[in-house]
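Student: I'm new to this one. Could you take me on a close look at its largest pocket, and tell me what lines it?

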Amino acid sequence: MSLPSIDTAVTYPDGDLTSTGVVVHLEPLADGRTAVLLDRTAFHPVDPVWPDQPADGGELVSGDRSYPVVDAVVGATDGSVLHVGDAPVRTGTEGWAFVVCHLVDDATGLAEGTPVAVRVGAARREALSAGHTACHLASLALNEALADLWTKEISVDGRGNPNFDQLAIVSSRILEGGSVDEYRIGKSLRKKGFAAAELAPRLDEVTARASELLAGWVATGGAVSIVREASGLGDRRRWRAELPEGAVEIPCGGTHLHSLGELARVTVRLDLAEAEGALGLTMHTTAEPA
Ligand SMILES: [Zn+2]
């Protein structure tokens with residue numbers, strides 16, 4: 001069975017929970033599982049390069065047989081080897097095909113060309129989408145709330161505020177109904193003009209400002225969408241939200257709500273701690289559905 005030369009077409013960026021496709025490749029793995037590759041899928045896989053949003057839960061269905069998907073990861077192939085979750089290149093790199101690997105315990109009955117229906121668990125997806133939309137909103141609110149702690153010109157976000165989120169982020173984890181973002185404030189951020197010493201005494205003020213912004217945005221019920229030029233897994237996508245001062249975009253590979261009206265409230269909590277000669281800022285974001 002040859003390896004695919006083109007990306008899996010993905011429909012989850014549009015919010016799809018079901019899709020139909022055919023098996024293009026089956027890869028037996030060392031742990032006894034099988035990676036099932038389809039030409040097209042609604043299943044969101046985790047991207048090990050930046051594992052912010054975890055994989056969907058759900059199943060593949062062929063005829064009257066169900067194949068529970070135990071995990072789904074981004075795979076990459078240059079035509080000779082399939083890297084399952086350990087691609088040596090960034091998703092989207094020229095000359096490589098990026099594929100959704102649906103991991104199943106038992107692939108008996110599946111073969112190249114078998115038509116397969118994909119069914120994604122709706123409750124988990126919805127909660128992850130709410131968490132991811134809230135995560136992006138919170139990052140924009142945090143950038144604005146920290147704006148006057150910058151003493152030098154620095155790259156800005158889609159709303160024109162110094163992009164603390166982009167410059168300081170270490171990891172982002174999307175949860176069901178929220179997110180946890182970790183930021184590192186070290187020497188290099190201070191050199192770029194961030195007044196780190198002022199953060200601790202002003203943490204409550206920053207939290208209040210971010211919360212106020214979030215409440216205002218959620219109240220508008222603005223549209224949220226994913227903008228993309230092509231349907232391949234490796235093609236660039238951007239999250240887009242209509243906020244009162246205009247639309248804002250952030251590069252994003254995950255899933256999202258369709259409207260801020262699906263949220264009742266987004267709240268943030270900021271924790272500051274010393275961490276190996278630097279400051280660690282953790283932002284806990286909670287999204288309450290409407
Ligand atoms: Zn994102």
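Tutor: Sure, and let's sort out some words before we start. Here Ala, Val, Leu, Ile, Met, Phe, Trp, Tyr, Cys and Pro count as nonpolar, Asp, Glu, Lys and Arg as charged, and the others, Gly among them, as polar. With that split, the lining of the largest pocket comes out as 16 nonpolar, 17 polar and 13 charged residues. Keep in mind that what you're looking at is a predicted model.

Now for the pocket itself: its volume is about 1400 Å³. It is lined by 46 residues, and the closest to its centre are Trp50, Arg90, Pro251, Cys252 and Gly253. Both domain 1 (9-120) and domain 2 (123-289) take part, each giving at least three residues to the lining. Among the elements that supply two or more lining residues are helix 2 (164-168), strand 14 (237-243) and strand 15 (246-251). The top contributor is helix 1, with six residues.

Hold on to Cys252 and helix 1, as we meet them again at the metal. The zinc ion is coordinated by His132 through NE2, His136 through NE2 and Cys252 through SG, at 2.1 to 2.3 Å. Written as a sequence pattern, those donors follow H-x3-H-x115-C. His132 sits in helix 1, while Cys252 belongs to the loop between strand 15 and strand 16 (263-275), so this pair links parts of the chain that are 120 residues apart. Are these two buried or exposed? Both His132 and Cys252 are buried. So Cys252 plays two parts here: the residue is among the closest to the pocket's centre, and its SG coordinates the zinc ion.

Technical notes. Residues numbered from 1 in each chain as written. Predicted model: local features only at pLDDT ≥ 70, side-chain atom pairs only at ≥ 80, totals over all residues. Heavy atoms only, no water. 1 Å grid on protein atoms, 1.4 Å probe; cavity = no way out; pocket = protein on both sides within 12 Å on 5 of 7 lines; lining within 4 Å. Points joined across faces, edges and corners; volume = space filled by probe spheres on them. Helix = DSSP H or I, 4+ residues; strand = E, 2+ residues; numbered from the N terminus. Domains from an automatic or database assignment. Donors = N, O, S within 2.8 Å, 3.2 Å for Na, K, Ca; no water. Buried < 20%, exposed > 50% of the residue type's maximum accessible area, 1.4 Å probe, protein only.
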